[in-house]
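User: I am new to this structure and would like a close look at one part of it. Please start with a single helix and then place it in its surroundings.

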Amino acid sequence: MDKIKSLYKFAFFGTGDFAVKILDILLQDNYIPEIIITTPDKPKGRKMELTPSPVKNWVQKNNIKTITDYSLLVTHYDLFIVADYGKILPKEIINMPKHKTLNVHPSILPKFRGPSPIQSFILSKDEETGITIILMDEEVDHGPIIAQQTWTSDVRLDIGCPSYKELEKKLAKLGGKMLVETIPDWINGKIKPREQNHGEATFTKKIIKENGLINPDDSPELIMKKILALTPWPSAYFFAEKDGRKMRIIITDAEIKENKLIIKKIKPEGKKEIPLDDFYKEIIGRYLKMDQI
């Protein structure tokens, strides 16, 4: 296949790991962006050191031009592609390229619009998710559908419902392959956009640290889903008393067996991840219902 760089001039907007995995697929198929727009470095960790985004790290390894201010885009482009960017683009940017802007979204739109579609799917009772490529408009995940493909999850928690990172990887790989197939057909006028059924739309919210707090009345299934959906951040956790001090305990590894939550590993506050021992099992038992674990 000829490099799309020699045929079309396109820019890619992305920030996180989902975008990186899509870029990997595009690069493998010689779909090379002229430029990549990502978000500026952000303070991270206890020392709040400025840290580049996963996409910026990828760009530096692959020697592709990058900027963090999309207002600097002045050259004519055939197409923009957006995936896991994290910012809302204004109408004048969306409509700048000759063939407008395509967005890769990890859900079956119009379901799970918004910033946390993968986590929200895992926490839901739905059995199908997937990838939707839309023609962007100024509303969030609202534009007409260009391409769509489902991925059926095994939602039985006792035989391996996927974690957030596992599902993100599967969907990003699917999204990258769909882009490779969709870009030439879209640019050559072979695809007719299909309006979403906006009456069936559901919306997700930005994940915050408090979402990971486990309620003692939560069922083992819901706790397990929180562990799967919210690891590595903000993690599924609870607070417990130890030596007269309140401490946060993160559950890092668990499974469901015979309707009980089997906790394998935890990360007590200020310590490394450790296997669950009798001491911490007693602490957890005081918080969660004993018939759940």
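Which residues in H6 are buried?

Analyst: This is a predicted model, and what follows describes it as such. In H6, the buried residues are Pro220, Ile223, Met224, Lys225, Lys226, Ile227, Leu228, Ala229 and Leu230. Helix H6 spans residues 220–230, and because nine of its eleven residues are buried, it is largely enclosed by the rest of the structure. The elements that the buried residues of H6 pack against are the helices H4 and H5 and the strands E10, E11 and E12.

Each of these neighbours can be followed further. Helix H4 covers residues 117–123, and glutamine 119 sits in it. Glutamine 119 has a relative accessibility of 11%, so it counts as buried. Leaving aside residues up to four places away in sequence, glutamine 119 touches Tyr164, Ile207 and Ala229. Ala229 is one of the buried residues of H6.

Helix H5, residues 164–187, leads to the nonpolar interior. The largest nonpolar core has 67 residues, and Phe12, Ile22, Val104, Ile133 and Leu261 have the most contacts inside it. H5 gives the most to this core, with eleven residues. A second, separate core has 14 residues, including Ile37, Ile67, Leu73 and Tyr85.

The strands beside H6 also serve another helix. Helix H7 runs over residues 278–287, and its buried residues are Tyr280, Ile283, Ile284 and Gly285. Their cover includes strand E10 (236–242), strand E11 (245–257), strand E12 (260–268) and strand E13 (274–275). At the N-terminal end of H7, aspartate 277 acts as a cap, with a side-chain oxygen 2.9 Å from the backbone nitrogen of tyrosine 280.

Elsewhere there is an open sheet of seven strands, ordered E5-E2-E1-E6-E7-E8-E9, with mixed pairing. Its edge strands, E5 (66–67) and E9 (145–152), each pair on one side only. Within the sheet, E7 (residues 101–105) and E8 (residues 128–135) run antiparallel and are joined by four bridges. Histidine 105 has threonine 132 in E8 as its bridge partner. Helix H1, residues 17–28, packs on the sheet and touches E1 (10–13), E2 (35–37), E7 and E8. The direction of H1 makes about 150° with that of E1.

Phenylalanine 12, one of the residues with the most contacts inside the largest core, touches Ala19, Ile22, Leu23, Leu26, Pro33, Ile35, Ile36, Ile37, Ile81 and Ala83, not counting residues up to four places away in sequence.

Methods. Residues numbered from 1 in each chain as written. Predicted model: local features only at pLDDT ≥ 70, side-chain atom pairs only at ≥ 80, totals over all residues. Heavy atoms only, no water. Core = buried A, V, L, I, M, F, W, Y, C linked by side-chain atoms within 4.5 Å. Buried < 20%, exposed > 50% of the residue type's maximum accessible area, 1.4 Å probe, protein only. Helix = DSSP H or I, 4+ residues; strand = E, 2+ residues; numbered from the N terminus. Contact = heavy atoms within 4.5 Å. Polar contact = N/O pair within 3.5 Å; in protein donor to acceptor, adjacent residues only side chain to side chain. Pairing = 2+ DSSP bridges. Axes fitted to C-alpha atoms, helices over the stretch in contact; angles between N-to-C directions.
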